[in-house]
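Student: I have a predicted model open and want to work through its folds and contacts. Can you take my questions one at a time?

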Amino acid sequence: MKDIIILGIESSCDDTAVSVIVNGKIKSNLISSQWIHKKYGGVVPEAASRQHVESIVELTETALLEAGILKTHLSAIAVTRGPGLLGSLLVGISFAKALTLSLKIPLIEVNHLYAHLMSLFIDNEPNFPILVLTVSGGHTQLTLMRSFFDIEIIGQSIDDAAGEAFDKTGKLLGLAYPAGPIIDSLSKAGKAIFKFPISNVADFNFSFSGLKTAVLYFLREQLNKDSEFIKKNLSDLCASIQTTICQTLIQKLKLAAVRTQVKAIGIAGGVSANSQLREELTLLCNSNDWKLYTAKLSYCTDNGAMIALAGYYKFLNQEFAEDTFQPLARYPII
């Protein structure tokens, strides 16, 4: 049987990522991160697009070389269609279209959120159904996966994503962007002694905008009393904010698991690398005899491997794209 070799390209935000998989096994997975956005405190779309243009050709060549694969060996190319920044998506899509046309091979469009779900199965065999919480800088979504192609969204954030909550509260604390990993690190030396509200919106949905406002007013009040308050309490503040975010996520996830009676839980996306979230989910699953699916830390953030694996299963399902499709800034899984 001929090998199925997929090149996966991800360019939805500020990371250019390329991966090569052969028969569903990762052979290379490279990421070029854009550090230019740190000085702005957030991603600048135009700057991100330019960085993708500068990185994508060399990164693709290096990924193929590392995998020991020639371009002519490729079975298909999978590329992120959305959701994401239109300019960034356009770079990856334009490159993928040109390459597939020159090689006369199929083009596969991949939903970025679907790919995050697939990241759980890079090193794990699925046992469906699985309740998956996807948490990242731009998305918080709860999905019920009955198979690779039967996915139902049962909850999502009605405002900010969990990753945005980390970044926005981190900015209030004077932390650099992205603030999530910094808060996680500082929390280890602190205690969650400050209480912030946990949202309780309807059904399995989430809300994080209230946390940002609560932290803003709390800090304003405390700084009026002591201008050194943040400096003196930084670790405890980080631990308190992180605990609030984790509890918000876990409470809804637990509620959904009980109501759906699903015995397998997954967590994907950049925020799934958070150490406290992983620890608390492990305890939750162990106490309820639920199986927990997590991705390796290298597969939590945006990466080409998850795009390539999603493309592999779509290849097996003969789901190919026309070369006329356009990027989508908003692109729900269903």
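Student: Is Phe-149 buried, partly exposed or exposed?
Tutor: Phe-149 sits in the loop between strand 7 (140-147) and strand 8 (150-156). Its relative accessible area is 39%. Buried needs under 20% and exposed needs over 50%. Phe-149 therefore counts as partly exposed.

Student: How far apart in space are Phe-149 and Lys-314?
Tutor: In this predicted model, Phe-149 is in contact with Lys-314. Its contacts beyond four places in sequence also include Tyr-114, Tyr-313, Asn-317 and Glu-319. Phe-149 and Lys-314 are 165 residues apart in sequence. C-alpha to C-alpha, their separation in space is 9.0 Å.

Student: Is Arg-81 buried or exposed?
Tutor: Arg-81 lies in strand 4. Its relative accessible area is 18%. The cut-off for buried is under 20%, so Arg-81 is buried.

Student: Which residues does Arg-81 contact, leaving aside neighbours within four places in sequence?
Tutor: Two of them, Leu-89 and Ile-93, are among the buried residues of helix 2. The full set of contacts is Leu-89, Ile-93, Glu-109, Val-110, Phe-325, Gln-326, Pro-327, Leu-328 and Tyr-331.

Student: What do the buried residues of helix 2 pack against?
Tutor: Those buried residues are Ser-88, Leu-89, Val-91, Gly-92, Ile-93, Phe-95, Ala-96, Lys-97, Leu-99 and Thr-100. They pack against strand 1 (5-10), helix 1 (45-67), strand 4 (76-82) and strand 5 (107-111).

Student: How far apart are the end C-alpha atoms of helix 2?
Tutor: Helix 2 covers residues 86-103, which is 18 residues. At 1.5 Å a residue, the expected span is 26 Å. The model agrees with that, as the end C-alpha atoms are 25 Å apart.

Student: What phi does Lys-104 take?
Tutor: Lys-104 comes just after helix 2. Its phi is positive, at about 60 degrees.

Student: Which residue in the loop between helix 5 and helix 6 has a positive phi although it is not a glycine?
Tutor: The residue lies in that loop. It counts as exposed, at 55% relative accessibility. Its phi is about 60 degrees. The residue is Asp-203.

Student: Is Gln-261 buried or exposed?
Tutor: Gln-261 is in the loop between helix 7 and strand 9 (264-268). Its phi is near 60 degrees, a positive value in a residue other than glycine. Its relative accessible area is 62%. Exposed means over 50%, so Gln-261 is exposed.

Student: What is omega for the peptide bond between Phe-128 and Pro-129?
Tutor: Pro-129 lies in the loop between helix 3 (112-118) and strand 6 (130-135). The bond joining Phe-128 to Pro-129 is cis. Its omega is about 0 degrees.

Student: And what is omega for the bond between Tyr-177 and Pro-178?
Tutor: Pro-178 is in the loop between helix 4 (162-172) and helix 5 (180-187). Tyr-177 and Pro-178 are joined by a cis peptide bond. Omega there is about -5 degrees.

Student: Is helix 6 roughly parallel or antiparallel to helix 7?
Tutor: Helix 6 (residues 209-225) and helix 7 (residues 229-260) pack at about 160 degrees, with axes 12 Å apart. Angles over 145 degrees count as roughly antiparallel. So helix 6 and helix 7 are roughly antiparallel.

Student: How many nonpolar residues are in the contact of helix 6 with helix 7?
Tutor: Helix 6 gives Leu-211, Val-215, Phe-218, Leu-219, Gln-222 and Leu-223. Helix 7 gives Phe-229, Ile-230, Leu-237, Ile-241, Thr-244 and Ile-245. The contact has no charged residues and 2 polar ones. The nonpolar count is 10.

Student: Is helix 4 roughly parallel or antiparallel to helix 7?
Tutor: Their packing angle is about 165 degrees, with axes 11 Å apart. The contact of helix 4 with helix 7 includes Phe-166 of helix 4 and Ile-245 of helix 7. With the cut-off for roughly antiparallel at over 145 degrees, helix 4 and helix 7 are therefore roughly antiparallel.

Student: How many charged residues are in the contact of helix 7 with helix 8?
Tutor: Helix 7 and helix 8 (residues 275-288) pack at about 35 degrees, with axes 10 Å apart. Lys-254 in helix 7 and Glu-280 in helix 8 are among the residues that meet. The contact holds 7 nonpolar and 3 polar residues. The charged count is 2.

Technical notes:
Residues numbered from 1 in each chain as written. Predicted model: local features only at pLDDT ≥ 70, side-chain atom pairs only at ≥ 80, totals over all residues. Heavy atoms only, no water. Helix = DSSP H or I, 4+ residues; strand = E, 2+ residues; numbered from the N terminus. Expected span 1.5 Å × (residues − 1). Buried < 20%, exposed > 50% of the residue type's maximum accessible area, 1.4 Å probe, protein only. Contact = heavy atoms within 4.5 Å. Axes fitted to C-alpha atoms, helices over the stretch in contact; angles between N-to-C directions. Parallel < 35°, antiparallel > 145°, perpendicular 65-115°, else oblique. Nonpolar A, V, L, I, M, F, W, Y, C, P; charged D, E, K, R; others polar.
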